[in-house]
Amino acid sequence: MNCLEKITATIKMQHVERVPVIAQVFGHAATLAGVSINQYVSDGETLARCQLNAQRKYGYDAVFSVMDTSVETEAMGSILHYYRNMYPVVAKHVLSPDIDLSDLVVPDPQEAGRMPEMLKALGILRKELGDETLVVGCVVGPFTLAGQLLGLENTLYLAIDNPERLERLLDFTTEVLISFGRAQLKAGAHLPIVFDPAASPAVIPSSFFREFEMPRLKRLFLALESMGSAGNWLHIAGPVTSILPYYRDAGVDIANFDYCVSMDEANNMLPAVCLDGNIKSLSFIEGTPAEIRKESKKLLSYFRERGGFILSSGCEIPPESRPENIAAMVQAVETKE
Amino acid sequence: MVDKRMKAFISAVLQGDCDRSVRVAQELKESGVSSEKIVVNGLETAMSALDAKCTLEEFNLLEIMLAGRAVMAVMKLLYPSGVTTNTSKGTVVIATLEGDVHDLGKNILKMVLIGKGYRVIDCGKDCPLPKLIEVTSSENPIAVGISGLITPVIAQVKQVRGLLDDRNLHQVKVIAGGAALKQSSPEKLNVDFVAESAFDCLHYLEKVAEVAI
């Protein structure tokens with residue numbers, strides 16, 4: 001059974017010989033290779049080489065063409081501030097709340113900003129790995145992109161002051177993400193993960209998620225599925241318990257859950273959906289291999305009977321993590337108690 | 001009449017109705033109520049009511065943002081120059097550190113603290129440590145609040161206490177908050193307190209302010 005088949009079986013809640021383990025390694029792959037984060041997020045070939053290097057070292061089941069959460073907004077004209085060893089951030093948002101939405105144009109993933117570099121990375125990764133390791137692309141969620149275009153505070157106030165306008169903006173951002181996701185699948189991704197940090201209940205009320213975001217996520221996932229995506233993977237960090245019940249309607253196949261959501265909560269809310277999580281990100285910096293191993297074993301034991309589980313961190317494994325901690329998580333699926 | 005109007009004012013702020021809050025504050029002013037009373041009896045009461053409503057389980061960030069926006073608009077009406085007379089509770093310096101632009105949490109804390117009568121000096125986002133230390137040295141605050149959504153800022157957070165101590169600012173408390181920092185502990189971050197939310201930070205500050213007065 002190759003990795004793609006293993007993940008597909010896990011999504012279908014079938015038992016597999018070894019539980020898949022996916023370390024959410026992005027910038028850490030650059031740190032490991034002695035490359036600056038700046039170069040890593042700017043150059044597709046560098047990103048792919050670093051990802052391959054990290055995957056060979058640790059032996060986990062997926063590689064990621066993930067740069068940062070500002071790729072789409074930069075492609076549409078936002079100005080970013082780049083650092084040598086931190087992810088770039090938006091210095092100037094391209095949209096203001098009063099802009100004419102009819103002027104907006106979906107960017108061409110083959111030309112706009114760093115989108116082509118992400119596609120290049122996917123091509124290299126898929127060529128090197130085939131179906132032996134899952135090749136994962138990335139788009140942000142519709143609400144997150146709106147926040148990256150307008151500024152998060154402006155977006156939230158818009159939701160209150162002019163909800164119809166926000167809905168139109170979200171329809172547009174959904175189109176951008178469908179277009180970028182389609183290009184990623186064509187370039188070689190088995191699936192694009194959808195990162196939607198701004199849709200977390202830590203930011204928006206769950207009723208907002210249900211009314212504004214869920215229908216757009218559904219549209220996005222349906223489109224990705226029709227283009228051959230191997231599964232709909234939704235990643236929202238933070239205390240997501242209150243929105244988990246909407247995941248099924250949105251068409252989620254793999255639901256990431258963060259450290260602040262308990263195994264019971266995730267399992268009870270989504271008994272028939274594949275889950276991935278939920279080791280605390282910071283523990284890969286502050287913790288020890290023994291602690292990571294203990295956490296991993298606890299998760300593996302809890303989900304052993306149920307199946308439909310991918311061992312992972314609750315959110316990104318930070319760039320400055322200790323390699324021995326990542327190795328401890330990967331080894332946990334290999335060893336029996 | 002004033003009591004009734006003050007109640008209407010508190011209700012407008014709590015509902016996050018910015019225009020109505022400003023309108024009723026203006027009426028209160030015109031009927032002779034001092035700016036300080038509008039802050040203490042109006043805004044602070046509204047913020048306390050919001051505080052009581054927002055538990056960790058039922059934390060509605062948008063509700064706080066809307067009330068906070070009303071607070072800021074009312075403060076602008078009461079103190080157009082930006083200088084408040086009501087600083088008895090003390091000054092707090094806040095910042096989102098260099099490399100991090102996720103300042104929503106910081107901005108919410110700012111609105112909550114202003115609503116509760118603190119003087120707030122906001123160093124903004126992407127703030128280099130030397131700037132934070134300079135501002136703290138010159139403003140004599142009771143505390144410094146630093147936020148971080150991403151882990152790379154942790155290295156900076158750990159330095160703040162020592163840098164303040166180097167300048168003999170031992171009495172200034174260092175408070176950390178934000179998604180990345182919340183995962184850690186005061187000991188590991190070398191700070192005095194790690195806040196779960198803006199109101200958690202406020203509760204800690206109220207204790208500090210009590211001692212400082």
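How far is the sulfur of A:Cys3 from the closest cysteine sulfur, and which residue holds that sulfur? Keep this question in mind as you open the structure, which is a predicted model.

**Stop 1: the cysteines**

Select A:Cys3 and A:Cys274 and show their side chains. The closest cysteine sulfur to that of A:Cys3 belongs to A:Cys274, and the gap is 12 Å. A disulfide needs the two sulfur atoms within 2.5 Å, so at 12 Å the sulfur of A:Cys3 is too far away for a bond. Seen from the other end, A:Cys274 is in no disulfide either, and its nearest cysteine sulfur is that of A:Cys3. Add a surface to see how these residues sit: A:Cys3 is buried at 4% relative accessibility, and A:Cys274 is buried too, at 0%. If you would like to look further afield, a search of the whole structure over all chains turns up zero disulfides.

**Stop 2: where chain A meets chain B**

Next, colour the two chains separately and select the residues in contact between them. You should have 22 residues of chain A touching 21 residues of chain B. About 2,100 Å² is buried between the two chains, and carbon and sulfur atoms give 61% of that area.

Now bring up the polar side of this interface. Eight residue pairs are in polar contact across it, and the count of salt bridges between chain A and chain B is two. For one of them, zoom in on A:Asp161 and B:Arg69, where the closest N and O atoms are 2.9 Å apart.

Stay on chain A and highlight β4 (89-92), α8 (152-161) and α13 (283-286); each supplies at least two residues of the side that touches chain B. Helix α8(A) gives the most, with six residues. Colouring this side of chain A by residue class shows 16 nonpolar residues, one polar and five charged.

**Stop 3: a serine inside chain B**

For the last stop, move to chain B and select helix α2 (residues 18-30), where you will find B:Ser21. Is B:Ser21 buried or exposed? With a relative accessible area of 0%, B:Ser21 is buried.

Show what surrounds this serine. Beyond its neighbours within four places in sequence, B:Ser21 is in contact with B:Phe9, B:Ala12, B:Val13, B:Ala70 and B:Val74. Then trace the side chain of B:Ser21 to the backbone oxygen of B:Asp17, which it reaches at 2.7 Å. To finish, draw a distance from the C-alpha atom of B:Ser21 to that of B:Leu43: they are separated by 9.9 Å, with the two residues 22 apart along the chain.

Methods
Residues are numbered from 1 along each chain as its sequence is written. Chains are lettered from A and ligands numbered from 1 in the order in which they are written. This is a predicted model: local features need pLDDT of at least 70, side-chain atom pairs count only at pLDDT 80 or more; totals for chains, interfaces and linings use all residues. Side-chain values use heavy atoms; hydrogens and water are left out. Contact means heavy atoms within 4.5 Å. Buried area is the accessible area (1.4 Å probe) that two parts lose on being put together, summed over both. A salt bridge is a side-chain nitrogen of Lys or Arg within 4 Å of a carboxyl oxygen of Asp or Glu. A polar contact is a pair of N or O atoms within 3.5 Å; within protein, one must be able to donate a hydrogen and the other to accept it, and residues adjacent in sequence count only if both atoms are side-chain atoms. Helices (H or I, at least four residues) and strands (E, at least two) are DSSP runs, numbered from the N terminus. Ala, Val, Leu, Ile, Met, Phe, Trp, Tyr, Cys and Pro count as nonpolar, Asp, Glu, Lys and Arg as charged, and the others, Gly among them, as polar. Buried means under 20% relative accessible area, exposed over 50%, partly exposed in between (1.4 Å probe, protein chains only).
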